[in-house]
Number of protein chains: 2
Amino acid sequence: MAVPIILIVALIAGIISIAMAMYFRYLVLKEDPGNERMQEVAGYIEEGAKTYLKVQYKILGIFVAVLAVAMLFLPSPFEESYTYTRLVAGALNWEQMVAYIIGAIGSMFAGWLGMYVGVKANTRAAQGCTVSTKKGFDIAFFGGTVMGLAVVGVALIGVSTLYWIVPDPMIVLGFSFGASSVALFMKCGGGIYTKTADVGADLVGKAEYDLPEDDPRNPATIADNVGDNVGDIAGMGSDLFDSYVASIIAAMILAATLPSFVDLVLEMDEYARFVFTVFPVVLCGVGLIASLLGIYIIKWKGSDDPGKALNTGTYLSTILFAGLAALFTLIMVVGLTGEQAIMLWKLCGCAVIGLFAGIVLGFTSDYFTRADRKPTRKMAEAAQEGHAVVILSGFSYGLLSVVPPAIGIIFAMIFAYLLGGVFGVAIAAVGMLAIVGTIVSNDAYGPIVDNARAIAEQGDLGDDIIRTADHLDSAGNTAKAITKGFAIGAANLTVLALMFSFATEANDINPGTIDVMDLLTLNVLIGAFIGVVVPALFSALLVMAVQRNAAKMVDEIRRQFEENPKILKGEEAADFSRTIDIATKGSLRELIIPSIISIVIPITVGILFGVAALGAFLVGAILSGFVFAIFMSNSGGAWDNAKKWIEDGNLGGKGTDVHKASITGDTVGDPFKDTAGPSINTLLVVMSLTASIFLGFLMLFSGGAGLLVF
Amino acid sequence: MAVPIILIVALIAGIISIAMAMYFRYLVLKEDPGNERMQEVAGYIEEGAKTYLKVQYKILGIFVAVLAVAMLFLPSPFEESYTYTRLVAGALNWEQMVAYIIGAIGSMFAGWLGMYVGVKANTRAAQGCTVSTKKGFDIAFFGGTVMGLAVVGVALIGVSTLYWIVPDPMIVLGFSFGASSVALFMKCGGGIYTKTADVGADLVGKAEYDLPEDDPRNPATIADNVGDNVGDIAGMGSDLFDSYVASIIAAMILAATLPSFVDLVLEMDEYARFVFTVFPVVLCGVGLIASLLGIYIIKWKGSDDPGKALNTGTYLSTILFAGLAALFTLIMVVGLTGEQAIMLWKLCGCAVIGLFAGIVLGFTSDYFTRADRKPTRKMAEAAQEGHAVVILSGFSYGLLSVVPPAIGIIFAMIFAYLLGGVFGVAIAAVGMLAIVGTIVSNDAYGPIVDNARAIAEQGDLGDDIIRTADHLDSAGNTAKAITKGFAIGAANLTVLALMFSFATEANDINPGTIDVMDLLTLNVLIGAFIGVVVPALFSALLVMAVQRNAAKMVDEIRRQFEENPKILKGEEAADFSRTIDIATKGSLRELIIPSIISIVIPITVGILFGVAALGAFLVGAILSGFVFAIFMSNSGGAWDNAKKWIEDGNLGGKGTDVHKASITGDTVGDPFKDTAGPSINTLLVVMSLTASIFLGFLMLFSGGAGLLVF
């Protein structure tokens, strides 16, 4: 009886979340969309974004369909609820397949909703800036919260409904895998799209023709604006959706299979068992409440300083989460034995540790990328020595910036483990992602104000309004740095939890398969080796994709300028559809190989070297992926801000050689920070889920020991 | 009785090697050193190199003395020969300390000898070019072989003599640690030195004043030439010396402690036991013979095409090694039982596999860095799109180039393991390093001809001679790419073998300490995490060091040009001593922190998280270090060659924007390929040896489980 009640709670929380999203959508849509020219530009952006989503979803449909059919023939993981003790031969795995499709559709829906509102909010935010900074901020921020709340809502509704129907974590695993497949496409595709357009626009427009940012004469301007939406709203949203669901499923699987935890729960009376099972869901609910309060705090503080408001919102949500989690724990321990109460408090501690670790990660990302801190300042100064030195400086600071968050994650792991063992680590991941609503909202705010600035520029709203929009935009950039640190940390802890859940799952199916993951065994060592190499390969492919596509974009822009000199004079409009087409098709073509890699490599490792090696593969990928993700995000962010700082008039300002060198840094950093770096998170989640989903299949090869047994 | 005979063989081989080195030294020194101006320039270079070595060895002396004293108080690893079963409390560890000091002195001697001849050979090679290409080639090549043979000679003499006196692998471990300490300083210091001078000279001389390469007016020219010697002769020599000795010691420790192998050997009669113990030394001897034959082949082929001659020499040495190893095995199996004979053949197979894997690695490095292959060609084309795109292209190809050698190493590991288990992997490392004489000779050839070219330029030998020297120089660059791939692969296999020997050693002291290295244990997972991060941190520090020092160099060059305009007109000589001083002091100051890190971090991990975590730390560092080393070496090499290809008149040639962009790539690549990338090898060896040396000490903390036991 207990289970349905929890599920109802989660379902209600999810529905509230979606309802709030719809309410914010209404608030945004009722605003004035501005003058005709602004609406025209916004219309182009909207159309470009929709075209992209349409083509993207079509290809995704094929990808999901193929994987769904493959899943159908996997050994079914279901037998009895909460257990996963043997493979049911013969039966088609249709429940998990349906969950997979629902997960994919849910993620697509959340992405669509967030982006649909985003592309409506931009012109309204620009118009809002003509009234007041606060008005502009409110519109943009509410536009962003739609994505944030949609993510939380769809996740909670999906997980709870599916689990209600088939009470087995394996069903949620299917849902999570669906969400991840979509996230991989959205994040890689969006990342390639946005940087194809951005780099292309910069290389020709800024560097060759000295056009300012967002100049309407630049044929890639609209594609650039579309890119912000598809990369940062839809992409980041689906990335965190994916991590959010994955953190829940990791905790669920561990709760169902981890011997120590299962024993603990089995010893309890019905009420205690209810409390412990409901706890992760309570944390998600508490996180939602904290996020909603955070959103109101941001709205209320927004008037003074938008950048501070966003960060204050995040910090206050965190503190609220800690307080509310403690409050709910205090209520829930009533009726538990002393020992059980201590255990629950410990788990509450794990969640809080996770969230604080996330904040620390965001904070270090902020330090390493802020223009008023030493690293970025040094990088700007390095630009005085020329193009090469600014690259070397960014490269080394980027690598250096890996150390503090690594220490932060290690501390979080140690404390969470000391409090709650492996299950504690999983709960820390859930805690870190509890305020995902706030995080995604802040992140989606960024592209909306970035677009608003462009629309203000193209809609001739005048310098004052553009400056206001600029002000809002720079707040978005700061928030973005923190969000990224957070997203990487959350993905890291989540995939670690997934790796542990993968191992316990393997032991549950076939006891002893992964008793240990011993690096002194050759299979395991090779697994770890391949794992460490994969994020490097993945980064290489994505950076190459951007570079290749941007070259096509450059050719197209040059062609337009050469064939029609009137474009450059501003007498005729550039052909935006062609550039949008290049970005759309290119990004989709280029994500095929990385996507296939992320599914095929883990399965191949499992088949050849066995599931223990596959576990080590995941560990290798997680650790090396962490290094690459942080390095690329932070170096990219810092180059960007160093350039902006120079553009603010420092070290000679715009047009100088120093500025040109800083543009080189920024251009190199673009695919680092917006394509490869953040895509690694999704890669890791997809690979981890692939391992779990295909576990039954891998058991067919020498009982999970792999074909190459040494 | 058997042991002394083997040692005599090794000792004789070592003495022959040194004698040959002295003979080649004599051949070089008797040549004509050229005109007065050439001798003057060579004199500056020699003096600069000697100054550097003097200061370097002074600081090294302090470092070695401090570590030696620390070692004295470590728990003594000696008890009975061949075993290491308990810690003898109270006794000072003076044997190992003395071996350590001898190892350090041996490495310093080899470095000094190689460099002493190198700086004499450069001007003679330049003068030789006035006679014929062959003459120039011969002098430069013989100059290089002095370093190659000195490395082999000192290593064999040191290992055999010490082992004769104290027949325990632990004594050789001390010797190896001494060699590594020196290698770390020589490689990092030399790497920072050479790139400080090179980058500084390029940034001001080439980019600002359009001076050609090696222009005598550039105050950093001499420092640049000195840098080639200290980085590529002394640095690379000590790096491979270090790997060579480490591969021997890894095999020795495994032979003495690996239970399966110990059992195998103990079951044998005296003759069989002799054969198996002598086998690794026989491999080294065979390698020396193959190297010497290779050297004569290169000399004989050198007349046609120097580049081909060097590579043919390498390939033929490899084939000779395989043939000779088979021949010696054929002789040695006489008198063994069938089973023993099969085992010996298998070990012979491991050695050959190792060497072929090394060649494959060199080959892929060559592919990824050659101007006539796709990656470098694409990078040169990317330079047409500007500075940023050439960086992105190099970055992605560099990361991509990690995949083929990783597959190569994995295959080598699998085959070696299938043939000989963990011991087979260690023998594969020995095999890979068997022809180290040839490898180091080819590598040391590079800086000699590079210097010869500079001396020809400054000694006004005319365009024809400079072209001949250029021809020799480009052969050096190709050989260098192969050498680097080889060095990284060899270090990688060696440190893997060291990691295994570390684990068996730990179990030998305290059975069960590292029965498994289980990634599902938090300690081990954290160890691996820290390990993966360390190469990133180390790379960041080294790149930053070069960047910081190069900035000082730039300031000094600008100051000289501004204060004394006659320098630029060629009327007065630049002040070379100041730039040499900056490079010398800067490189030594900057290597302190990386050196301390490489000793302190492994010990700290061991103290806090235990020896199993330390093992995982080593694995993490080895795998991530492999990625960073290959990535940095190959991207740097390719950028360099892309620039050279453009300078040959392609895509517009010198002076164009494309050329400028390619210079940016080259400048970024300089510290990648010559400082950070190759230093990672040494870092890995030092960390692995530190772990083994301090193992007894680490056992004092919760019996090896570490202070933080979860």
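Contacts in chain A mostly bridge long stretches of sequence: of those between residues at least 6 apart, 86% join residues at least 24 apart. The coordinates behind this figure belong to a predicted model. The secondary structure of chain A consists of 21 helices and zero strands. Its radius of gyration is 24 Å, close to the 27 Å that the globule rule gives for 710 residues, so chain A is as compact as a globular protein of that length. Measured out along the principal axes, the C-alpha trace covers about 75 × 55 × 45 Å. Of the 710 residues in chain A, 69% are buried.

A single residue can illustrate these contacts. A:F694 sits in the loop between α20 and α21 (695–698) of chain A. Is A:F694 buried or exposed? Within 10 Å there are 22 other C-beta atoms, and a residue counts as buried when that number is 20 or more, so A:F694 is buried. Leaving aside residues up to four places away in sequence, A:F694 touches A:L74, A:I603 and A:G606. With A:L74, the separation in sequence is 620 residues, while the C-alpha atoms lie 7.1 Å apart in space.

The next subject is the pair of chains. Two copies of a chain are related by a rotation about an axis and a shift along it. Here, a turn of 180 degrees and a shift of 0.0 Å along the axis lay chain A on chain B with an RMSD of 0.0 Å. The two copies are therefore related as by a two-fold rotation axis. Which residue of chain A comes closest to the rotation axis? That residue is A:D518, whose C-alpha is at 2.2 Å from the axis.

Where the chains meet, 58 residues of chain A are in contact with 57 residues of chain B. On the side of chain A that touches chain B, the elements giving two or more residues are α5 (169–209), α12 (387–400), α13 (403–432), α15 (463–509), α16 (522–563), α19 (611–647) and α20 (657–693). The largest share comes from α16(A), with 16 residues. By residue class, this side of chain A divides into 45 nonpolar, eleven polar and two charged residues. Why can the copies be said to meet through the same surface? Of the interface residues of chain A, 98% are also interface residues in chain B, so the same surface is used by the copies.

Methods. Residues numbered from 1 in each chain as written. Chains lettered and ligands numbered in written order. Predicted model: local features only at pLDDT ≥ 70, side-chain atom pairs only at ≥ 80, totals over all residues. Least-squares fit on C-alpha atoms with pLDDT ≥ 70 in both. Contact = placed C-beta atoms within 7 Å. Helix = DSSP H or I, 4+ residues; strand = E, 2+ residues; numbered from the N terminus. Rg over C-alpha atoms; globule rule 2.2 N^0.38 Å. Buried ≥ 20, exposed ≤ 12 C-beta atoms within 10 Å, placed from the backbone. Nonpolar A, V, L, I, M, F, W, Y, C, P; charged D, E, K, R; others polar.
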